[in-house]
Amino acid sequence: MRGKKKLMSLLLISVLGITAALSGCGKSEQDVAATPSANPSTEATTQTAATDDSHMITVTVPSPDGATTAAGNGGQTGGGESSSAESSEAGTTAAGGQTDVKAIALTFDDGPYTYKNVTNRIVDALEKNNAKATFFVVGQAVNEWFPTDGPEVMKKAVSIGCEIGTHTYSHENLNTSSSDVIKEQVEKGCKAIEDVTGQKVTLMRPPYGNAKQSVMDQVDLPMIQWDIDTLDWDTKDADNTVKVILEQAKPGSIILMHDIYGASAEAAERVIPELIKQGYQLVTVSELFEIYGKELEPHHQYYDARGDRDIES
Ligand code: NI
């Protein structure tokens with residue numbers, strides 16, 4: 001009986017993991033900018049997938065979001081080689097903020113995910129390097145999927161200075177949700193975090209980066225997008241994720257990753273010390289905007305702290 005129960009729990013975790021994994025919110029800036037009327041990400045498909053544990057299971061998941069890699073506003077002027085990141089000058093592009101600090105914000109979506117210690121590995125890597133990051137947490141993962149280990153790793157993250165924002169309660173596409181659902185997703189999502197950390201949630205990342213005007217109007221939090229999309233959810237390749245970050249890193253950038261893949265944890269373990277070696281301070285999103293002298297306001301969305309692509313409200 002015990003064995004059977006254990007197997008069932010393992011399978012359940014696998015199914016939840018896969019559902020979360022395949023609903024990853026990677027999306028290019030172009031897609032984010034596009035009018036949200038036709039959004040392919042809401043279409044459910046049935047796929048057969050294997051966990052890294054080789055459980056073959058069939059689950060219904062949302063289609064992955066758009067997978068283009070181009071930066072929407074031509075932000076890449078430094079060329080391709082990783083050494084180009086070295087030549088970035090701190091603070092030169094900050095409009096308004098004056099800083100010589102070379103700071104950057106790593107962000108991780110869709111966790112906490114403690115199966116195979118994915119989130120734990122990332123938090124450990126941050127601690128080891130005296131670095132910080134921001135986690136955009138799915139409330140359901142805290143309350144239902146990892147109700148013991150999830151809160152534990154979140155508390156540890158907070159204890160080393162990391163920031164935790166909401167990524168809704170169950171990773172809904174808010175652009176196609178009713179006002180009632182939007183309200184519930186944000187409130188329940190924040191409560192799941194606040195119950196654990198005792199701290200008020202002040203940031204939100206909308207699932208799939210989807211926050212059209214009417215969504216922003218209804219949510220009393222700043223929406224944090226990104227300017228560097230690692231596409232880690234798509235490639236699940238640590239080498240590629242590290243390469244994208246080192247090629248595109250610029251002071252003031254917000255980097256999108258997902259703490260639900262082993263490959264993303266490995267990429268974090270490798271890229272965190274490398275960015276520090278290049279002179280970067282790895283800070284939370286709130287700290288990044290403070291450093292650049294920019295205020296984060298509710299009902300606005302932000303892509304970086306330089307203001308390269310300025311606020312859409
Ligand atoms: Ni997501």
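At 47% relative accessibility, Glu 187 counts as partly exposed (buried means under 20% relative accessible area, exposed over 50%, and partly exposed in between, with a 1.4 Å probe and protein chains only). The structure is a predicted model, in which local features need pLDDT of at least 70 and side-chain atom pairs count only at pLDDT 80 or more, while totals for chains, interfaces and linings use all residues. Residues are numbered from 1 along each chain as its sequence is written, and side-chain values use heavy atoms, with hydrogens and water left out.

Glu 187 makes a good starting point for the salt bridges, since its partner is Lys 183, with the closest N and O atoms 3.2 Å apart (a salt bridge is a side-chain nitrogen of Lys or Arg within 4 Å of a carboxyl oxygen of Asp or Glu). Both residues belong to helix H6 (residues 179-197), where they sit 4 residues apart, about one turn of the helix. Helices (H or I, at least four residues) and strands (E, at least two) are DSSP runs, numbered from the N terminus. Side chains of opposite charge can pair when their charged atoms come close. Under the rule given above, the model holds 16 salt bridges.

Another pair is formed by Asp 239 and Arg 270, whose closest N and O atoms are 2.8 Å apart. This pair links distant parts of the chain, with Asp 239 in helix H9 (residues 238-248) and Arg 270 in helix H10 (residues 262-277), 31 residues apart. Asp 239 is partly exposed, with 49% relative accessibility, and Arg 270 is partly exposed as well, at 36%.

Helix H10 also carries a salt bridge between residues of its own: the side chains of Lys 277 and Glu 274 meet at 3.6 Å, N to O. These two residues are 3 positions apart in H10, about one turn of the helix. Lys 277 is exposed, with a relative accessible area of 67%, whereas Glu 274 is partly exposed at 25%. Elsewhere, Asp 227, Lys 250, Asp 304, Arg 306 and Asp 308 are joined into one network by salt bridges that share partners.

Attention now turns to helix H5. Within this helix (residues 149-159), the buried residues are Gly 150, Pro 151, Val 153, Met 154, Ala 157 and Val 158. They lie on the same side of H5 because they cover an arc of only 165° around the axis (the arc being that of the directions from the helix axis to the C-beta atoms). Glu 152 and Ser 159, on the other side of H5, are exposed. The buried residues pack against helix H3 (118-128), strand S4 (134-137), helix H4 (139-145), strand S5 (163-166) and H6, with contact meaning heavy atoms within 4.5 Å. Just after H5, Gly 161 adopts a positive phi of about 95°.

H5 reappears in the cavity analysis. The whole structure contains 2 cavities of 30 Å³ or more. A cavity is a set of points, on a 1 Å grid over the protein atoms alone, where a 1.4 Å probe fits but cannot get out, and lining residues have an atom within 4 Å of a point. Grid points are joined across faces, edges and corners, and a volume is the space filled by probe spheres set on the points. The second largest cavity has a volume of about 40 Å³. Its lining consists of Pro 112, Thr 119, Val 123, Phe 135, Val 137, Val 153, Met 154, Ala 157, Ile 164 and Asp 259. H3, S4 and H5 are the elements that give two or more residues to this lining, and H5 gives the most, with 3 residues. By class, the lining has 8 nonpolar, 1 polar and 1 charged residues (Ala, Val, Leu, Ile, Met, Phe, Trp, Tyr, Cys and Pro count as nonpolar, Asp, Glu, Lys and Arg as charged, and the others, Gly among them, as polar).

Pro 112, one of the lining residues, also has a backbone feature to show: a cis peptide bond joins Gly 111 to Pro 112, with omega about 0°. Pro 112 lies in the loop between strand S3 (103-109) and H3. Asn 117 lies in the loop between S3 and H3 too, and its phi is near 60°, a positive value in a residue other than glycine. Asn 117 is partly exposed, at 43% relative accessibility. Leu 231 likewise has a positive phi, near 55°, and is found in the loop between strand S7 (228-229) and helix H8 (232-235). At 6% relative accessibility, Leu 231 counts as buried.

Terms used
On a 1 Å grid over the protein atoms alone, a cavity is a set of points where a 1.4 Å probe fits but cannot get out, and a pocket is an open set with protein on both sides within 12 Å along at least five of seven lines; lining residues have an atom within 4 Å of a point.
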